[in-house]
Amino acid sequence: MSENTTPPPAPTFDPARVRRAVDERLAAFLDAMTHRAASQGFPTEVTDVLGELVLGGGKRIRPVLCAAGWHAGGGSGDQGPMLQVAASLEMFHAFALVHDDVMDRSATRRGRPSVHQAVAARHSGHPDAAWLGTSAAVLLGDLALAWSDELLHTAGLSPDRLAAAAAVMDEMRTELMFGQYLDLLTTGRPSADLEAALRIARLKSGRYTVERPLQLGAVLAGADAEVGAVLSAFGLPLGEAFQLRDDLLGAFGTSDQTGKPEGEDLRAGKHTPLLALALRRADPAERGLLTACGRPGALGTEQVARIRAVLEGTGARAEVEAMVEERRGQALRVLEESALPAASVEVLGAVAATLTGADRSPPDGPSPPAAGRRTRSNRHREGAVATKTDTPSPVPRAPGALPLLGHAPALLRDPLGFLRSLPQHGNLVAVGLGPHPALVVCEPRLLHHVLVDDHLFDKGGPLYDRFRDFIGNGLLTCPHHEHRRQRRLVQPAFHPRLMPGYARTMAAQFTEAAGTWREGQAIDVLHATQEIASKALIATLFGAGPDPADAHRLADDAAVLVAGAWRQTIQPSWAGALPTPANLRCRRAVRRLRAAVTAYVAQQHGRSDAGLMLDALLAARDTEDGGQGLSDSECVDQVLLFLLAGTETTAVVLAWAMHLLATRPGLEHELRAEAVGATDPADVGQLVLTGAVITETLRLYPPAWLTMRTTTADTVLDGHRVPTGTTVVVSPYLIHHRPDLYPDPERFDPGRWTGRTGSAPSAPSAPSREAFVPFGGGARKCIGDRFALTESVLALAAIVRRWHLAPPDGAAFRMPRPLTTLQPTGLRLRVTTPDRQPPRRERP
């Protein structure tokens, strides 16, 4: 080629065209193999059965990724050799599927009989048709492997390209085989070993499905090592995200989605990260149910439904979804920081969205990018419930806004009523938080998307800005780019192995606190529960720690801070800077809290108090960051967060639960019987009804009733354009009180969660996980959710074990007071010794 000659431009990447071209090559190859077999007197049913599998469906993910790698690597000119290598990949995939179905005893594949079943059906008159089918499938899989190699070696590659491509193929095949072997060893024996499950996912899919096909395409294009490194760094996390999403489909997907019977992965007992996470968090009864996975004949439809409920109830499903989003985000950041051409980045970004379900494209994948369409960043960030339209409609606005004040008067006068009114205006509604414009999410699927995509919907808005001013840059308030490191370092303090010790500490504190009340005493409920919760948390954090006076001051200062943060959120920033008594109280409380916690952190250095939360926090090391831990100032920020969240939210939930029980003496008696009958007062697994009461309380009165996110890029939500920097309001209270999601939503009914009417929690009438979000969702879900539930359940059990609760004479229920948390207003209850006989059963 002369100096003045430019290489021909690479054709536009078109996934649908790649699929058609690969299908044509596979059909032609199989037709040639059929003629070859017939001419030599071989049984043509072999090619017939393989042809039904190879040409009978499939998304052609690996061929498309091979073509994407070729384009990203600067491929140009004749695509024929690359397309035949892509067809070789698909033939190898046929080999893997045939053997996989034999090993998994799968009856179907892509909605049709699997190969061993198809052969057995063809020879149903054979004395042992099942054995014949299985044996023949092994041979047919081997034949597909040989034909894959034939397709590769007849692709017309130059010797150096063929050698490079064969090296990638050899690595891919070896990794897959070892991944399958590890999968065999662990199938039917699920465990809490998350790392082992992730390693299998990495070998079986992370590398095989995404990374190696991309690398193969780049090699075919003659790309340099730098491009190969970018594709590897992009492909591996994306492949893991794909497999994690596939695990979710295997557990929760329908037959139409998977082409297999529902719950087949659960029946097989696949050792997936989903099961590993659930086993880490499950109580003994739940673990017994989960370990039944893989036992022959052990799981019927009802058992699968119960296991699904455990996977959701333990938070395993939500965490795997967060892992998918985290890995997708990691892959996309590799693209954003790479030097790849814009067209290649566009192609790979679309591929990432398709593989992780972020664009909810049909199985045939995304349409080819066209000129004038959305930017790459918008395309992959529009999300699960975004309407893909070039003319988005305006966001409907809530009525009643005032100049400068927006909807602040309505929020101050009746914030909960205002929130309940918003869904009638749309799934996404514009409001004014004082001078701050914001969008309120009113629909659970839309809310789920906002919570899960925490890279696009980052922590931000006036609420978090004020909190960050007060308590620093901890796990609650830090931006996305700092969150994963912080969460890895904080997570050990909430490890399941520490929970029994925490529970014993808390149970002792609750029993002692309940014993300080007097017969007939009318208690200020919120003040009492704040004291109970703070003492338990301080004992869990610091052990003997502060003396009672210091502990009391910590709790009081935390309450001042919570009240001040909400007030300053909805008022103009200049008002928060004025030296008013309320502002001054808030600033003094912040200074005292930080000084006290700094002293406790300094005292803990050099000590080793196994079982203390602070000790676990100081000892944590991040293996992904060179073994670094939290600095002292970072640790102080985290402890301040624990004090605020762990005290205030638990106190509020407990106060509401006590109020609700005071209106239902029959239910209170049932809880008392459960608490007295528990052989271990620190075992929440024995307090099922108490747990249901706390769960229903969280639905009615979620402490974190309103939080905020900020968009980090332009996006589209529910068909509405949402620009960068928009404040998005998330309200669990709003979702929890929608009558279409919760019939008679204002009624206190723990039976929603226990199935006391005969329906299991996983029954269709039970609330969906998107509709119950008291702790948030995604990777930013409250890290202490199980700690908080344990604390609330044990505290309520200790109280009802000792006392009967009733409103004082003349006391009337007053509306909730929404501050940063959803507090009861002026709630007082009288405590008396319980009667021995149960009260007459009241109507629920």
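The exercises below examine one helix and several strands of a predicted model. Residues are numbered from 1 along each chain as its sequence is written. In this predicted model, local features need pLDDT of at least 70.

**Exercise 1.** Determine how the span of helix α24 relates to the expected value, and whether the helix is enclosed or not.

*Solution.* Helices are DSSP runs of H or I with at least four residues, and strands are runs of E with at least two, numbered from the N terminus. Helix α24 covers residues 525–542, 18 residues in total. The expected span is 1.5 Å times one less than the number of residues. From first to last C-alpha α24 reaches 25 Å, close to the expected 26 Å. Next, 15 of its 18 residues are buried (under 20% relative accessible area, 1.4 Å probe, protein chains only), so α24 is largely enclosed by the rest of the structure. After the helix comes G543, with a positive phi near 75 degrees.

**Exercise 2.** Identify the partners of strand β7 and state where its side chains point.

*Solution.* Two strands pair if DSSP finds at least two bridges between them. Strand β5 (residues 457–459) pairs with β7 in the antiparallel sense over 3 bridges. Strand β10 (residues 727–730) is joined to β7 by 4 bridges, also antiparallel. R709 of β7 stands opposite K459 and opposite V728 in β10. In a regular strand the side chains alternate between the two faces of the sheet. In β7, T707, R709 and T711 point one way, while M708 and T710 point the other way. Since 5 of the 5 residues of β7 (707–711) are buried, the strand is largely enclosed by the rest of the structure.

Definitions and conventions. This is a predicted model: local features need pLDDT of at least 70, side-chain atom pairs count only at pLDDT 80 or more; totals for chains, interfaces and linings use all residues. Side-chain values use heavy atoms; hydrogens and water are left out. Buried means under 20% relative accessible area, exposed over 50%, partly exposed in between (1.4 Å probe, protein chains only).
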